[in-house]
Amino acid sequence: MKLKLFWKIYLSIAITCIGLVTGLSYLSEYVEDKMSHLTLTDQQTLKEYARQATELAQTNPELLTQWAEDIAQREQTWLVVVKAKHQWLYGSEIPAALQEETVQGRLVEWPIHLEHEVNPVMDLPLNFNDYHLLIQLPQHMRPGAYWQVIHLLITVLLPLLLTAIISYLMYRNIIKPLQALHRDSAHFTQGDFNTRSSSEVSNRNDEIGELATGFNDMADNISALIKSQRQLIADISHELRTPITRLKLLLSSGYNKADVIERFDRELGYMAGLVEDTLTLAWLNNEKPDLSREDVDLTALIETIAEDARFEFTQHQLVLQLPESCQIENSNHRALGQSIENVVRNSMKYSPEQSQVSIKCWQEAELVTIEISDQGAGVPVERLEDMFEPFVRLDQARDRASGGYGLGLALTKRQITALGGTISASANTPHGLVMTMTLPIK
């Protein structure tokens, strides 16, 4: 089993998981980064405190303490103005590009860690004798007020929502065609035998598509079988109606008793043969029987059939071209014998007296071919295939006077098919028919 549907589901889930993990991770980092920065208003407020501290330090340093207390009380935090004096124990002077990195607190442009419980200390250089304003970030300025809720949405609720959407899409991809199949099968069950699965479903390259194709094949076979059965019932009804009508007329006629009994016997024999062959044909069509298998000497079988045919049709010439021996394995003596005999009898029956009927048999590789040729009236090329349909009579070959009712070749074809072989008809030269049967040796 190729498990195409399994791999579709697996790849869909795998790609979805990778996409969710990668996408949600990026989204979480992006949102966290955006939420961890101070607002421009708060940045301007802190910078304004730095400007005020610079101005006081330059003009009225004695007011710095009172100013700092006012700001601390207003913002419910603490702050201090300090002078940073770096004393290097070893190494060279720090490059100018890295001067901002050597600070005592965080610059206002830097992101704030949203998970820390304690607010960080912000460092605002005063640009005056290396003074700095250090202020613990006021609580109302702390970014990420709703970070926990948003983080919960991103890590839990959003994955659940996306998973539900993706699951629904996968569900529809699987259930929708199954629902269509269920609907089609319901219509078929209700008697709409023309119902077939849509190409959209049957063309899927997975197990569901194979199921739809199997449904269509089943529907084709059942429809053909029902059509055949209806035709068979109609044909046998038609075939029985004529002899029954004749019997009714015979009962009201003035024929003597002996003639009536003779005619009754003939008509009942005709109807019995018709019913028997019809039941056999229906059994072969419906049951698809596995015939009992046995080895058959085809040469001996054909010679026996030819001997009976010569006895019955004394005014015909029957020519045989057979191998000395031809063993067929896993065949059926009765079915094969009936099939060959039926074709031989037809060839003799519908050929003029003194004409020649030939039976040839030869083996090639794993197949054996039987060819039966006659010099009868023949059949139009366009109707050669019709010969094998039940209750088909061709004007050139069959009539009621011959005693046939159009089932012989149909039975022959079903029996040969059940044995794993084929049968076909073609025109003979200059006139007549050639019936060709091929059978497997083993």
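Contact means heavy atoms within 4.5 Å. This is a predicted model, in which local features need pLDDT of at least 70 and side-chain atom pairs count only at pLDDT 80 or more, while totals for chains, interfaces and linings use all residues. Residues are numbered from 1 along each chain as its sequence is written, and side-chain values use heavy atoms, with hydrogens and water left out.

**Figure 1. The whole chain has ten helices and ten strands.** Helices (H or I, at least four residues) and strands (E, at least two) are DSSP runs, numbered from the N terminus. The chain has 442 residues, and 37% of them count as buried. Buried means under 20% relative accessible area, exposed means over 50%, and partly exposed lies in between (1.4 Å probe, protein chains only). Now take the contacts between residues at least 6 apart in sequence: 66% of them join residues at least 24 apart.

**Figure 2. Helix α1 crosses helix α4.** Helix α1 spans residues 4-35, and helix α4 spans residues 147-189. Their axes come within 10 Å and cross at roughly 160°. So α1 is roughly antiparallel to α4. The axes are lines fitted to C-alpha atoms, for helices over the stretch in contact, and angles run from 0 to 180 degrees between N-to-C directions. Angles under 35 degrees count as roughly parallel, over 145 as roughly antiparallel, 65 to 115 as roughly perpendicular and the rest as oblique. The crossing of α1 past α4 is right-handed. That word applies if the near helix is turned clockwise from the far one by less than a right angle; anticlockwise is left-handed.

**Figure 3. Side by side: the residues where α1 meets α4.** From α1 come residues including Leu5, Ile9, Ile13, Leu20, Leu24, Leu27, Val31 and Met35. Ser12, Thr16, Ser28 and Glu32 of α1 also take part. From α4 come, among them, Trp147, Ile150, His151, Ile154, Leu158, Pro159, Leu162 and Thr163. The residues of this contact divide into 17 nonpolar, five polar and one charged. Here Ala, Val, Leu, Ile, Met, Phe, Trp, Tyr, Cys and Pro count as nonpolar, Asp, Glu, Lys and Arg as charged, and the others, Gly among them, as polar.

**Figure 4. A close-up of Ser28 in helix α1.** Ser28 is buried, with a relative accessible area of 12%. Leave aside its neighbours within four places in sequence. Ser28 is then in contact with Trp147, His151 and Ile154.

**Figure 5. Lys47 forms a salt bridge with Glu109.** A salt bridge is a side-chain nitrogen of Lys or Arg within 4 Å of a carboxyl oxygen of Asp or Glu. In this pair, the closest N and O atoms are 3.3 Å apart. Lys47 sits in helix α2 (residues 40-59), and Glu109 sits in the loop between β1 (79-83) and β2 (121-125), so the pair ties together parts that are 62 residues apart in sequence. Lys47 is partly exposed at 35% relative accessible area. Glu109 is partly exposed at 41%. A search of the whole structure finds seven salt bridges.

**Figure 6. Glu55 and Arg51 meet in a salt bridge.** The distance from N to O is 3.1 Å. Both residues lie in helix α2, four residues apart, which is about one turn of the helix. Glu55 counts as partly exposed at 42% relative accessibility. Arg51 is partly exposed too, at 43%. Arg51 and Pro125 are 74 residues apart along the chain, and their C-alpha atoms are separated by 9.4 Å.

**Figure 7. Glu312 forms a salt bridge with Arg345.** The closest N and O atoms of the pair are 2.2 Å apart. Glu312 is in helix α8 (residues 298-312) and Arg345 is in helix α9 (residues 333-349). This pair links distant parts of the chain, 33 residues apart. Glu312 counts as partly exposed at 42% relative accessibility. Arg345 counts as partly exposed at 29%. Elsewhere, salt bridges that share partners join Lys8, Arg204 and Asp206 into one network.

**Figure 8. A close-up of Ala427 in strand β9.** Strand β9 covers residues 422-427. Ala427 is partly exposed, with a relative accessible area of 47%. Its neighbours within four places in sequence are left aside here. Ala427 is in contact with Leu384, Gly432 and Val434. Ala427 and Gly378 are 49 residues apart along the chain, with 6.8 Å between their C-alpha atoms.
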